[in-house]
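Reader: I would like to go through this model with you. Could we begin with the ligand and then turn to the protein interior?

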Amino acid sequence: MELFSRLKVDSHEQIMFFREQVSQLRAIVAIHDTTLGPAIGGVRMKEYPDEDGAVEDALRLSKSMTYKAAGAGLDFGGGQTVIMGDPKKDKSESLFRALGRFIDSLGGRYIAAEGVGTGFNDMDFIRMETKYVVGIPSSRGGSDDPSPVCATGVMRGLEACRAFVTGSDDLAGVKVAVQGVGRVGRILVGRLTERGAAVTIADIDPGATERVTSEYDVTVVSPDDIYAVECDIFCPCALGGIINDQTIKQLKCRIVAGAANSQLEDEKHGDVLHKRGILYAPDYIINAGGLINVADEIYGYDKQRAMRKTGAIKEVLTSILLSARDEGISTHQAADRFAERRIEQVGMVRRTYVSS
Ligand code: NAD
């Protein structure tokens, strides 16, 4: 791969490769844009078929973090770590501590958070070597699992979408199909049923569905059937890439809005939803509560403040939906414009010299 040419394609600032002998760490840290502040982003641990695949993942995810942080009104840029390894076999204290020392050497240009294949225990090891990590346990002054706050943001987003379509944000009697009832999905089901919504769920893990059915009155369908459920809101809370050529034609909903990251397999699928008259809540706007929560640790974690900022997702999403309608563009494009405008405007403001 011609690295400098690749960095130029999406205007990335930096890419770094770290290797440590004892722990067998092989990690890549990509920094996309630091106009708004230090890059923040997850640590993903995954087996990659080759190094190019790992580089691509780091670059793609760091760019999406730039948009997510900007859209959430945070003063952070976008970054991402990718560890090449099997999270089931290759994790060790020394591996995450080695990564922590490398992250520390960046002097705060990048702040790590948990990602796919890592959890807050791993962040705790990183924390033993650097302060530039968030999403650590409350026993160390952290914010614990971000899922409840993420779910709060998604609820506010569902209200915004519902109000946009019907004029009322009341969720009573609204039919919602939730794909994936893990950490976020299960909390959402609880809050939706409390509000009187009629909920259908699907999960590939029978244990996850059983846990939900033992607590709440919901309908269960198979993972393949969830897309075709007649509902008001299809709520993806499992995987990315689930809005694609195969699934779009099955949807019988008016709104797609949920917690999952990277829901659109490709940008064009956002346009297809738009043409079909299905309102799409851009994923990185509606699911930003998790990021808002962990990022708050940088200021000394304050749950009230994190919840207040997460509550604003309703207003932010509403303004994006309105501008998409006014400009005749799809909602994912409107979200990108919103994030880019903020980066540009704050970047301009910061050109003013102030003595510190
Ligand atoms: P999780 O792993 O706890 O739950 C995901 C659930 O989806 C699991 O129960 C899994 O069995 C199920 N699942 C996987 N594939 C499925 C399929 N094909 N059909 C149906 N179910 C399937 O994850 P989570 O923390 O609840 O996160 C859910 C999504 O939200 C992810 O995309 C995640 O990246 C995103 N997200 C989570 C947070 C957070 O704070 N946890 C924040 C932002 C975004």
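Author: The ligand site comes before the nonpolar cores in what follows. Please note that this is a predicted model.

Reader: How many residues surround the ligand, and which are the closest?

Author: The ligand is surrounded by 21 residues, and the closest are Arg183, Val184, Asp203, Ala238 and Asn261.

Reader: What is the make-up of that shell by class?

Author: The shell around the ligand contains 12 nonpolar, six polar and three charged residues.

Reader: Which helices each supply at least two residues of the shell?

Author: Those are α5, spanning 147-166, and α6, spanning 183-194.

Reader: Which polar backbone atoms lie by the ligand's oxygen and nitrogen atoms?

Author: A polar backbone atom of Val184 is 2.8 Å from an oxygen atom of the ligand. For Ile204, a polar backbone atom is 3.5 Å from a ligand nitrogen. In addition, a backbone N or O atom of Ala259 is 3.2 Å from a ligand oxygen atom.

Reader: And how much of the ligand's accessible area does the protein cover?

Author: On its own the ligand has 830 Å² of accessible area, of which the protein covers 78%.

Reader: Turning to the interior, which residues have the most contacts inside the largest nonpolar core?

Author: Val178 and Leu192 do, in a core of 46 residues. Helix α5 gives the most to this core, namely seven residues.

Reader: What does Leu192 touch, leaving aside residues up to four places away in sequence?

Author: Leu192 touches Met155, Leu158, Leu171, Val176, Val178, Ala197 and Val199.

Reader: What lies apart from the largest core?

Author: Another core, of 38 residues, lies apart from it, with Met65, Leu74, Ala98 and Ala295 among its members.

Note on methods: Residues numbered from 1 in each chain as written. Predicted model: local features only at pLDDT ≥ 70, side-chain atom pairs only at ≥ 80, totals over all residues. Heavy atoms only, no water. Near = heavy atom within 4 Å. Polar contact = N/O pair within 3.5 Å; in protein donor to acceptor, adjacent residues only side chain to side chain. Areas by Shrake-Rupley, 256 points an atom, 1.4 Å probe, with all protein chains shown as cover. Helix = DSSP H or I, 4+ residues; strand = E, 2+ residues; numbered from the N terminus. Nonpolar A, V, L, I, M, F, W, Y, C, P; charged D, E, K, R; others polar. Core = buried A, V, L, I, M, F, W, Y, C linked by side-chain atoms within 4.5 Å. Buried < 20%, exposed > 50% of the residue type's maximum accessible area, 1.4 Å probe, protein only. Contact = heavy atoms within 4.5 Å.
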